[in-house]
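User: I would like a close look at a single part of this structure, with its surroundings described in one connected account.

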Amino acid sequence: MTVHGFSSPRSRADPLLQIAVVGRGFSGLMMAIALLKSVRRPFRLRLFDPQPIVNGGQALATLRSTEILNSRARDLSVSLGEPKDFSRWLQANASFRAAVSAAIPGFGQIFVPKSTFSDYIYQRFSEALAHRTDTSVQMSSDAILTVRRADDAGFTLRMAGGGEVTADIVILATGYGLKPPLETTEIRPAASLDEETRTPGHIVVMGSGLRAVDQVLQLRDGGFSGPITLLSRRGFLPQPHTRMPADAVFPTQPMPSQLREIVRFVRKACEQAEENGWSWQAAINGLRKRARTLWSSLPAAEKRRFNRHLRSLYDSHRNRLPADVHARLERELASGATVLKRGTAVKRTPTGLLVRWTGTTELTHLAADKVFDCRCLSPDLKNPVVADLLHTGLVATDELDLGLAVNSAGELVTPAGRTAGLFAIGPLGLGSLPDIDLVPEIVAQAYDAAALIEARARPQRQAS
Ligand SMILES: Cc1cc2nc3c(=O)[nH]c(=O)nc-3n(C[C@H](O)[C@H](O)[C@H](O)COP(=O)(O)OP(=O)(O)OC[C@H]3O[C@@H](n4cnc5c(N)ncnc54)[C@H](O)[C@@H]3O)c2cc1C
């Protein structure tokens, strides 16, 4: 095992397989774990990211160690074929065990702080690396600007700090990008809480998804007692998880092919689940298992319709809040201290936002002392490396331009066919693969990609 800072480009005489991972968020680190565990031949792995820390990316980067993930521990294993790996890790972790109730059996159903999951991923990465005495891993703090085909069928990567490196396999794991993509000079992104809580006044939180709810509750935890407006175009708030884990149930009959009938079918499945003593959450978990086949069978026009009218509703039912957190949100709304308003922010003004309320055409001024931008993140296709790859035709967008066109193992697909050796893992493939922004799906995809790399990588070069 070797881990070191970035060194020189590969020598052409290097016989080892060279793998570059662009982005070191959850997807990049997960990919590294999967490669270290699945690719048997020795290889050199380079991980690029200007973010200095290795902690699992935007999802897990939090100043507050108490902020919790919204998935149960049982859904967060990063070990293939060992769904209880994370729960076991929690049980073996003395300080975590001491901090939670001993009455919780197996830890599988609990929700954990983001920092705990981040520690787990990092430990599994370190262990996977420690087992590979034949493999080296290099961490670079450079952003990658371009990835181009090299003449030996590999790739050349250009670094923001200058210089180039080559690789046989490139894995894009750039997710939501170098910065929150919605950050603009007009609308401020979520900023340091301590500074905000010292200033009383009206706060507007843009968005109504998990990040927005998180922001509202953080403001209250930080002592902010003023009015908060949640501003969201559709106004769907996250639904609650059940108190006990809801296993997936779903009718086995074939699904209809038209969106309208599919919605009816899913509604009925939810009602039936409730009538049979399960829960609508169990039916949505079942739907998620069929989402990929369903999505690929839909014509483009139906996909577009889903995106326009139903995506935020679907998101509010699949990305759920732990029941206690949801109850807190309900209390917050019932008290009137936080209100949910449906509208779109068009422009930041010195004293608030110019808003178009949903269903109207005129613009109204919404006064705000602070604005937090917590709208849903989407794959960053304007990222220099992604934009350049689109420009050169090595990658293509999906038919809705939501992300890059990929297959289930993350291989890039273009109208000319598969781009051999190039992968995109995680949310970048969101337009091709529903739910690929969630941990269980990213874990499965990373292992699928690693298995393909193991199976397809050309034989080791002979040193010249
Ligand atoms: C707040 C939050 C909470 C979440 N909670 C859950 C949960 O409870 N359960 C669940 O299943 N999922 C959850 N998710 C979703 C899931 O974990 C994320 O979709 C996933 O973490 C995406 O990770 P990523 O590495 O692909 O992207 P990112 O986290 O965006 O990381 C991308 C990385 O790539 C780097 N990068 C970008 N461009 C370049 C470049 N050109 N060169 C080099 N580096 C580059 C960036 O600096 C960044 O570090 C959550 C997501 C968020 C944002």
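Which residues of strand 12 lie on one side and which on the other, and are they buried or exposed?

Analyst: This is a predicted model, and the description below should be read accordingly. In strand 12, Ile228, Leu230 and Ser232 lie on one side, while Thr229 and Leu231 lie on the other. Every one of these residues is buried, and both faces of the strand are thus covered. Strand 12 spans residues 228-232, and five of its five residues are buried, so the rest of the structure largely encloses it.

The pairing of strand 12 with strand 11 can be followed residue by residue. Strand 11 comprises residues 203-206, and its pairing with strand 12 is parallel and runs over four bridges. Ile203 has Ile228 of strand 12 opposite it, and Met206 has Leu231 as its bridge partner in strand 12. Ile228 and Leu231, the partners named here, belong to opposite faces of strand 12.

Both strands are members of an open sheet of six strands, arranged in the order 15-14-13-12-11-16 with mixed pairing. At the edges stand strand 15 (363-367) and strand 16 (370-373), each of which pairs on one side only. On average, neighbouring strands in this sheet are turned by 45 degrees against each other, direction ignored. In the strand order, strand 12 sits between strand 13 and strand 11.

A second sheet provides a point of reference. Three strands form this open sheet in the order 7-8-9, and their pairing is antiparallel. Strand 7 (144-149) and strand 9 (164-167) each have a single partner strand, so each has one side without a neighbour in the sheet. The average turn between neighbouring strands here is 25 degrees, again ignoring direction. Strand 8, residues 155-159, pairs with strand 9 in the antiparallel sense over four bridges; within this pairing, Leu157 has Val165 of strand 9 as its bridge partner.

Helix packing completes the account. Helix 7 (residues 259-275) packs with helix 8 (residues 280-297) at an angle of about 135 degrees, and their axes are 7 Å apart. The two helices are therefore oblique to each other, and their crossing is right-handed. Helix 7 contributes Val266, Ala269, Cys270, Ala273 and Glu274 to the contact, and helix 8 contributes Trp280, Ala282, Ala283 and Leu287. Classified by residue type, this contact has eight nonpolar residues, one charged residue and no polar residues.

Technical notes. Residues numbered from 1 in each chain as written. Predicted model: local features only at pLDDT ≥ 70, side-chain atom pairs only at ≥ 80, totals over all residues. Axes fitted to C-alpha atoms, helices over the stretch in contact; angles between N-to-C directions. Parallel < 35°, antiparallel > 145°, perpendicular 65-115°, else oblique. Left-handed = near helix turned anticlockwise from the far one by under 90°. Contact = placed C-beta atoms within 7 Å. Nonpolar A, V, L, I, M, F, W, Y, C, P; charged D, E, K, R; others polar. Buried ≥ 20, exposed ≤ 12 C-beta atoms within 10 Å, placed from the backbone. Pairing = 2+ DSSP bridges.
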